[in-house]
Amino acid sequence: DFTFPCLFARRMKNIAAAGHFTAEDAAMVAVKAYSNGNKNPLAHMHTALMSLEKANNASDKNPNFLSNEEFKSFLRVSDCSQVSDGAAAMILVSEEGAKKLAGAKLAEITALAQATGNLYVDPTDYTRMSSCGVAASRALEAAGIKGTDLQVAEVHDCFTIAELLMYEALGLCEYGMAKELIRSGATSLDGRIPVNTGGGLLSFGHPVGATGVKQILELYRQMKGECGGYQLAKIPELGAALNMGGDDKTAVCTVVRNVA
């Protein structure tokens, strides 16, 4: 009765005990994700509505579904990403190759970094995504920027809890301040640093093998003004994707810059 979702329910139990953020903060992530997905015709949950009242309260339609009694109350269906079918593809070229693509709309991958953790060891601090933090710091350093310089971001929101932890891992805010980002609306489409603009894994969906590429394409499409109803008012020039496998066991961070 200790399934993969239970790993994040365990995180949430420890996070709540530490006062790092609350179940209502996690519910706000779900509301944001579904709102963005409602504007994205390609989203798995495009027509599904999510209110804060629904997301924040367990019910027959939004149950605490785990069978593990210790962690059951710390995860609701609305905290979970979708099991989706899908595909994503992109074309990578060198600078020399780009010169041959007359008229092509380009974006530059300015930095790419990865990190791994021990698959057989539990986190020493459930309030941190350590591997994600290492990958992010390496990529940001290679790009010569800080997380607060980013104008758009895609993070691996396999669960609402993960999105909040990734705000801090990516340096969008200081440790312990993810709750302030979501409460203030800073990560919404009209906020200071929009995150998961097309709905993320929670609402757009999670076709596992395609998710990492799709995150980068979402940054690209925002930079090229191709996002329709969820297009940001100001075209972003700098973004990053932070992708993850397992419970912070593998992580890849990609920094993308718009090319005019």
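In which loop is Gly228 found? Select Gly228 in this predicted model, and you will see that this glycine sits in the loop between helix H9 (208–223) and strand S3. With a relative accessible area of 58%, Gly228 is exposed, because exposed residues are those over 50%. If you add Ser131 to the selection and draw a line from C-alpha to C-alpha, the two residues turn out to be 34 Å apart in space, while 97 residues separate them in sequence.

From that loop, follow the chain into S3 (residues 238–245), and then select strand S2 (residues 152–155), which runs parallel to S3 and is joined to it by four bridges. One place to look is Val152, whose bridge partner in S3 is Gly239. In a regular strand the side chains alternate between the two faces of the sheet. In S2, Val152 and Glu154 lie on one side and Ala153 and Val155 on the other, and all of them are buried, which leaves both faces of the strand covered.

Stay in S3 and select Leu242, then show its surroundings while leaving out residues up to four places away in sequence. Among the residues that Leu242 touches are Glu154 and Val155, together with Cys132, Ala136, His156, Met166, Ala169, Leu170, Val252 and Cys253. Leu242 also belongs to the largest nonpolar core, which has 55 residues, and it is one of the members that touch the most other members, a group that further includes Phe8, Leu150, Tyr167, Leu170, Leu172 and Val255. Which helix gives this core its largest share? Helix H6 (residues 160–169) does, with seven residues. Another core lies apart from this one; that separate set has seven residues, including Ile216, Leu219, Met223 and Val256.

Next, keep H6 on display and add helix H2 (residues 23–38). The axes of H2 and H6 come within 8 Å and cross at roughly 100 degrees. Because crossing angles of 65 to 115 degrees count as roughly perpendicular, H2 is described as roughly perpendicular to H6. To see the contact itself, select Asp25, Ala26, Val29, Ala30 and Lys32 on the H2 side, and Thr160, Glu163, Leu164 and Tyr167 on the H6 side.

Asp25 leads on to the charged side chains, since this residue is linked with Glu180 and Arg183 in a network of salt bridges. Within that network, Glu180 forms a salt bridge with Arg183, and their closest N and O atoms are 3.8 Å apart. Both residues lie in helix H7 (residues 178–184), where they are three residues apart, about one turn of the helix. Are Glu180 and Arg183 buried or partly exposed? Glu180 is partly exposed at 34% relative accessibility, and Arg183 is likewise partly exposed, with a relative accessible area of 41%.

The structure holds twelve salt bridges, and two others are worth displaying before you finish. Select Arg128 and Asp125, whose side chains meet in a salt bridge at 3.1 Å, N to O; Arg128 counts as partly exposed at 38% relative accessibility, and Asp125 counts as partly exposed at 25%. Then select Glu96 and Lys99, whose side chains meet in a salt bridge at 3.6 Å, N to O. Lys99, with a relative accessible area of 64%, is exposed.

Key
Residues are numbered from 1 along each chain as its sequence is written. This is a predicted model: local features need pLDDT of at least 70, side-chain atom pairs count only at pLDDT 80 or more; totals for chains, interfaces and linings use all residues. Side-chain values use heavy atoms; hydrogens and water are left out. A salt bridge is a side-chain nitrogen of Lys or Arg within 4 Å of a carboxyl oxygen of Asp or Glu. Buried means under 20% relative accessible area, exposed over 50%, partly exposed in between (1.4 Å probe, protein chains only). Helices (H or I, at least four residues) and strands (E, at least two) are DSSP runs, numbered from the N terminus. A nonpolar core is a set of buried Ala, Val, Leu, Ile, Met, Phe, Trp, Tyr and Cys residues joined through side-chain atoms within 4.5 Å. Contact means heavy atoms within 4.5 Å. Two strands pair if DSSP finds at least two bridges between them. Axes are lines fitted to C-alpha atoms, for helices over the stretch in contact, and angles run from 0 to 180 degrees between N-to-C directions. Angles under 35 degrees count as roughly parallel, over 145 as roughly antiparallel, 65 to 115 as roughly perpendicular and the rest as oblique.
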